[in-house]
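Here are a few worked exercises for you to try with the model open. Have a go at each task before reading its solution.

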Amino acid sequence: MSDTTRDGGQEPVRKAPEPSGVDLARQALAAAREQARARGNAATGRKRQQQPGLRSGARADGRDPMPLMAALDRLRTERGWEMPMAVAGVMERWPEIVGPDIAAHCVPDRYEDHELVVRCDSSAWAAQLKLLAPQLVARLNADLGQGTVRMIKVHGPGGGPKRYGPLRAPGSKGPGDTYG
């Protein structure tokens, strides 16, 4: 085929239509984005990486819920409750540690300053427990860690201070401590 027409003239070459306002805006936006990408890569010296934890996905991240035991262990460690919780566990397992005979007559009362206070229901059991105290300290330290319990204080039967009436001064031991 030739480029000539019937009358022998040449057909004019068709030009692309001139871009409209929308096309010009698209071209300008693409050029601006490319310049911004080039500036960002040049400023950091490397390609931009996505920061971890900003999008969710199938993999674990810091926002996932923790298992209950892991949360409790973390709380216990952060608050420094390891020793009190271990001692509370010993008080619950008292019959296993000392045996059922002693546990029937002697119960742990409290734990303060590396001393375990035990209350017995008779003076005979209190004397027996005082003789067994070094062995119990060794057994408790083997269970809880060395130096946790340094001494066992044994109290025999007897009530605490008498409390006369509902109102008392803080720290008073009854009416006898006001006369001197």
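Contact here means heavy atoms within 4.5 Å, and helices (H or I, at least four residues) and strands (E, at least two) are DSSP runs, numbered from the N terminus. Before you start: the model is predicted, so to speak of local features takes pLDDT of at least 70, side-chain atom pairs count only at pLDDT 80 or more, and totals for chains, interfaces and linings use all residues. Residues are numbered from 1 along each chain as its sequence is written, and side-chain values use heavy atoms, with hydrogens and water left out.

**Exercise 1.** Find which residues of helix 3 are buried, and what they pack against.

*Solution.* Step one: take buried as under 20% relative accessible area, exposed as over 50%, and partly exposed as in between (1.4 Å probe, protein chains only). Step two: go through helix 3 (residues 82-92), where Val87, Gly89 and Val90 turn up as buried. Step three: look down the axis of helix 3; the buried residues fall within an arc of 155° (taken from the directions from the helix axis to the C-beta atoms), so they line one face of the helix. Step four: check the partners, which are helix 4 (94-98), strand 1 (106-112) and helix 6 (123-144).

**Exercise 2.** Work out where the salt bridge between glutamate 34 and arginine 37 sits, then do likewise for arginine 76 and aspartate 73.

*Solution.* Start with the cut-off: a salt bridge is a side-chain nitrogen of Lys or Arg within 4 Å of a carboxyl oxygen of Asp or Glu. The structure holds eight of them. Glutamate 34 and arginine 37 meet at 3.3 Å, N to O. Both lie in helix 1 (residues 21-44), three residues apart, about one turn of the helix. For arginine 76 and aspartate 73, the N to O distance is 3.6 Å. That pair lies in helix 2, again three residues apart, about one turn of the helix. Why does such spacing work? An α-helix has 3.6 residues a turn, so residues three or four places apart point the same way. As for exposure, glutamate 34 is partly exposed at 48%, arginine 76 at 27% and aspartate 73 at 33%.

**Exercise 3.** Trace the salt-bridge network that includes aspartate 109.

*Solution.* Begin with aspartate 109 and arginine 110, whose side chains meet at 3.1 Å, N to O. Then extend the search: Asp109, Arg110, Glu112 and Arg119 are linked in a network of salt bridges. Finally, check exposure: aspartate 109 is partly exposed at 39%, and arginine 110 is partly exposed at 35%.
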